[in-house]
Structures are given as C-alpha cells and as structure tokens.
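Let's take a walk through this protein, starting with the overall picture and ending up at the ligand. Keep the 3D view open as you read.

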Amino acid sequence: MVYDLKDKNALVTGGSRGIGAAIAKRLAKDGAKVVLTYSGSEDAAKAVAASINDAGGQAIAVKSDAGDPEQAAQAVRTAVDTYGTLDIYVHNAGISKFAPISEASFDDFRRIFRVNVDGVYAGTKEAVDKIRDGGRIIIISSINAHSMPVPGGAMYGGSKAAVNGLVRGWARDLGRRHILVNAIQPGPIDTDMNPANGPYAEMMRKATAVGRYGKAEEVAALTAFLASDEASYITGTTIDIDGGMTV
Ligand code: NDP
C-alpha cells in the first residue's frame, strides 16, 4: 500500500482493459473496494475483479455502457448499493476514432461524445448526491484536449476538451464539500487503444522527451495519488502524464 485508501469505495468505468484495469487494481492494492464497469469484455472484466479478490482486495465487475446515460447512472447506484457509499469515481471508459472532418461522419462524432462526455455527465449527475463529502471525481482525459500532433483527432480531442471544462465547473460546484475534481491527461500509453507497436507508435515514441510509451500502471499511480488524502488541495486542474510529449 502506497496511499491509504482503506475504507474508501471506488467506481472505475471501463475497468476491463488497459488504463482502467490498472487503475482498478491499483486503487484496490491501496485499500479501496472497487466496482469496475465494462461494455463488451465480460471475461476480461471478471478476470480483473478476480485478480483483485485473489490478492486479498474486494472488487466486482458490472456491465454498463457508458454511452447510455441510464446505464452510466445505474452503475453509480450499483456501486453505492454494493459498498454503501461512494468516495472515488474514476471516469476512464473512453473510445477514439481518428478521421479528418472530410471523412468522419456525424454519427462518429456523436458516438465518441456519447461515451466520452455524455456518460461522464450522466454518471456524475447521479453521483453528486451520493458521493461522500471529501470524495474524488477523476476523469481520464487526454493530451489531445490541448495538443494535436496529427490530423484527424478533432472528435476525440474535442470530447476530451469538453470533459476538462466539466472538471473546472464541477470543482467550483463541489469544492465546499471538499469533493475534488481533476482530469488526468495521458500521452501515449501502451494499451489496445494505442499499442506501442501500432502504426503511429514510432512517431509518438520519438515525440516524447523520455523516448518511450507510458504504462497503464503509471497512470494508475497518478490516479491513486489524486484519490488520496495527499492530494487534498488539488482540484479543478488537468495534469499531463505524457513523458514530456507536449513540453
Ligand atoms: P482501451 O481501449 O485499452 O480500453 C478501453 C476501456 O474502456 C475498456 O475497459 C472498455 O471496456 C471501456 N469502454 C469502452 N467503451 C465503453 C463503453 N461504451 N462503456 C463502458 N466501457 C467502455 O483504452 P485505454 O485503456 O487506452 O483508454 C482508457 C482511457 O484513457 C480512455 O478514456 C482514453 O481516451 C484515455 N487515454 C488513453 C490514451 C492511450 O494512449 N492509451 C492516451 C490518452 C487518453 P470493454 O473492454 O468492455 O470494451
């Protein structure tokens, strides 16, 4: 245990794979009880929960499509029903599609915004009366909210810029309850979404200051810090974790 998250209950959306799976495992390792959601990868999600339980933690996997506002809200109710309270809400579920505006469809745009923005809004709206004072809302955004090194990222970057706006507004709305709201903006992290052997990988690796991809566990470590009491004066901010890609 690095940060003390004992007696904290967490909800992590998109916890079946990649960054979300690493976050679920890390919060559990630091003592939190975890509900993790998935949309399609049931076996992977259950395997993440099982690995947490096998290691002595507590976790369950719940199917919830973040692109459906009612399901996003239901995941919050399930988390509260399961553990009694909610303290840490990590909005990690996300999708991307890179296509220039001449090729992208309006449906592409709406689909990305439904998962990356609508789900965050609907889930937080449900959580706001349920999350305990002193809680944390952490959104996994992206450096593409403010930096766009290649064409085609408008829909994805736009969705991440939108959630950064929510972060600043909600930090003001919830600050007097000491509910702290922040966004993490990863650069290239080796996952199914952005594999370190993918078509853009070499370009991205060279663009970082450190010359490598990040690991999901590195994003999870920052998430655990923001969830902890050590981060008690940080709210309304967006934090890059990108190996210096955008310096
Ligand atoms: P992956 O594609 O590897 O994993 C995505 C996760 O989100 C899976 O658990 C997936 O669940 C879940 N998910 C996708 N759509 C939905 C949905 N509609 N409802 C519920 N869950 C859903 O992505 P990453 O781990 O790389 O990305 C995680 C977050 O980090 C995203 O928000 C992404 O935008 C952000 N990010 C990633 C970067 C990277 O380089 N990897 C860089 C910057 C930001 P299932 O398995 O069931 O489909």
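## The overall build

Of the protein's 247 residues, 50% count as buried; that label means under 20% relative accessible area, while exposed means over 50% and partly exposed is in between (1.4 Å probe, protein chains only). The accessible surface adds up to about 11,400 Å², and carbon and sulfur atoms own 51% of it. Those areas come from the Shrake-Rupley method with a 1.4 Å probe, and for residues only the protein chains shown count as cover.

One thing to know early: this is a predicted model, where local features need pLDDT of at least 70, side-chain atom pairs count only at pLDDT 80 or more, and totals for chains, interfaces and linings use all residues. Residues are numbered from 1 along each chain as its sequence is written, and side-chain values use heavy atoms, with hydrogens and water left out.

## Size and fold

How does the protein's radius of gyration fit a compact globule of 247 residues? Such a globule would have a value near 18 Å, and the protein has 17 Å, so the two agree. (The radius is taken over C-alpha atoms, and the globule rule is 2.2 Å times the number of residues to the power 0.38.) Along the principal axes, the C-alpha atoms fill a box of roughly 50 × 40 × 35 Å.

You'll find seven helices and seven strands here, and along the sequence they run β-α-β-α-β-α-β-α-β-α-β-α-α-β. Both are DSSP runs numbered from the N terminus: helices are H or I with at least four residues, strands E with at least two. Take contact as heavy atoms within 4.5 Å: among contacts between residues at least 6 apart in sequence, 74% join residues at least 24 apart.

## A look at T37

T37 sits in strand β2 (residues 33-38). Is T37 buried or exposed? T37 counts as buried because its relative accessibility is 3%. Beyond its neighbours within four places in sequence, T37 touches several residues, including L11, V12, S16, V62 and A75.

## Around the ligand

Now for the ligand: 32 residues surround it, and S16, R17, S41, Y156 and T191 come nearest. Being near means having a heavy atom within 4 Å. This shell splits into twelve nonpolar, 16 polar and four charged residues.

An N or O atom in the side chain of S16 is 2.7 Å from a ligand oxygen, and a backbone N or O atom of G40 also lies 2.7 Å from an oxygen of the ligand. Taken alone the ligand exposes 880 Å², and the protein buries 94% of that. Helices α1 (18-29) and α5 (154-174) are the elements giving two or more residues to the shell.

Terms used:
A polar contact is a pair of N or O atoms within 3.5 Å; within protein, one must be able to donate a hydrogen and the other to accept it, and residues adjacent in sequence count only if both atoms are side-chain atoms. Ala, Val, Leu, Ile, Met, Phe, Trp, Tyr, Cys and Pro count as nonpolar, Asp, Glu, Lys and Arg as charged, and the others, Gly among them, as polar.
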